[in-house]
Amino acid sequence: LSESALDSSNEIHSSNDSMAAVIGFVAGLLLTLLLTETTTASALHFASSFRLCDRRRIDKIVMNLSGIAVDERSGKLLLVVNKPMRILVYNPATNMVERTAHTDAVNDGEGVTWLGANRVGGAYEFAVVDEQAKTRKIVKDPSSSRIVVFDADTLQVTGETYGVDVDILHNKGLEGLAYDATRERFYAVQEKSPMRVIAIPRGDDREPGGGYETVIDNQTAFRGVGITDLAGATYVVDGGLLLLLSQEQRRLALFDVENGRFLEDEVFDVSGALHPEGVAYDAQRGKLYVVGEPNEIFVYCRVVEKMPEEVVVLEELTNLVSVG
């Protein structure tokens, strides 16, 4: 070939390479944006993606089942039971209570949440909220409520506690507990008088005396999604989404912590539960659990949705560009 022909051929290949690079970049960008929107949509369609798939009664619990959390390592459930106060490890795969630990570190345990690995020693932990810490006989604490951290393997207290001084009227104190591991803060819900969600930072730099931040206490906003009390909470998606449980209305509602608002379309009923007290979400296994007195567990399974066609088309376009 002549020198001019070679130059022309090189220019064509260079032009094709540039075009492929541009198409690849645009396709990748569109795919990223669509996947982001799909992820957001998935979060916003949380309620409609679950169906009741099982209902169980725990024979070893006679009454007062009040809280639930998921051990993310195994999928086993941590159950809090009152009078006497104890923590149970329940295996949903075998429908068996594998361990029971009595504790006097908590007087009126209501909510429980998984914390994960401790940032210092690496031990796995969970926490229980004590609704009425002032009545505890073992340790005198001026705070009205208290968060107590437990070792997930020994089921013994670690010594890490957080006093939370909230106004309690007629036994309407802190009922539920959730945890944001990324931001290292607890979310606790107060049942009534008033209904509210508060955030408690975890760590040594927390101010003494039960300092906390009010996330929401707008009673009109609660009632706008049909909630008249707060019984439980679980953290759903990194980025600030809380699933809140109403015992009186037997209802779950999704609250956007980042934007301070309820997602009005993300409300669904757990009408089969007699007395719902706690909620937990197992993201790894696509399960949502609701527990209630006297000894019930309701299991909701996530329905697998087909990937949107737009995502498939963009993936194929990206693959073609990368091959070309």
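Hi everyone, this is a short tour of some strands and a pocket in one model.

The model is predicted, so to speak of local features we need pLDDT of at least 70, and side-chain atom pairs count only at pLDDT 80 or more, while totals for chains, interfaces and linings use all residues. Residues are numbered from 1 along each chain as its sequence is written, and side-chain values use heavy atoms, with hydrogens and water left out.

Let's begin with β7, residues 124-130 (strands are DSSP runs of E, at least two residues, numbered from the N terminus). Of its 7 residues, 6 are buried, meaning under 20% relative accessible area with a 1.4 Å probe, protein chains only. Strand β7 runs antiparallel to β6, joined by 7 bridges; two strands pair if DSSP finds at least two bridges between them. With β8, residues 145-151, β7 forms 6 bridges, again antiparallel. Glu125 is a nice residue to look at: Gly116 stands opposite, and in β8 its bridge partner is Asp151. The β6-β7 hairpin has 6 residues between the strands, and there Gly122 takes a positive phi near 90°.

Now, over to another sheet. This open one has 4 strands in the order β1-β20-β19-β18, with antiparallel pairing. Its edge strands are β1 (50-57) and β18 (276-282). Inside that order, β19 (287-292) and β20 (296-302) pair over 6 bridges, and Lys287 stands opposite Cys301 in β20.

Which elements give two or more residues to the lining of the largest pocket? They are β2, β6, β10, β14 and β18. Thanks for listening!

Methods. Buried < 20%, exposed > 50% of the residue type's maximum accessible area, 1.4 Å probe, protein only.
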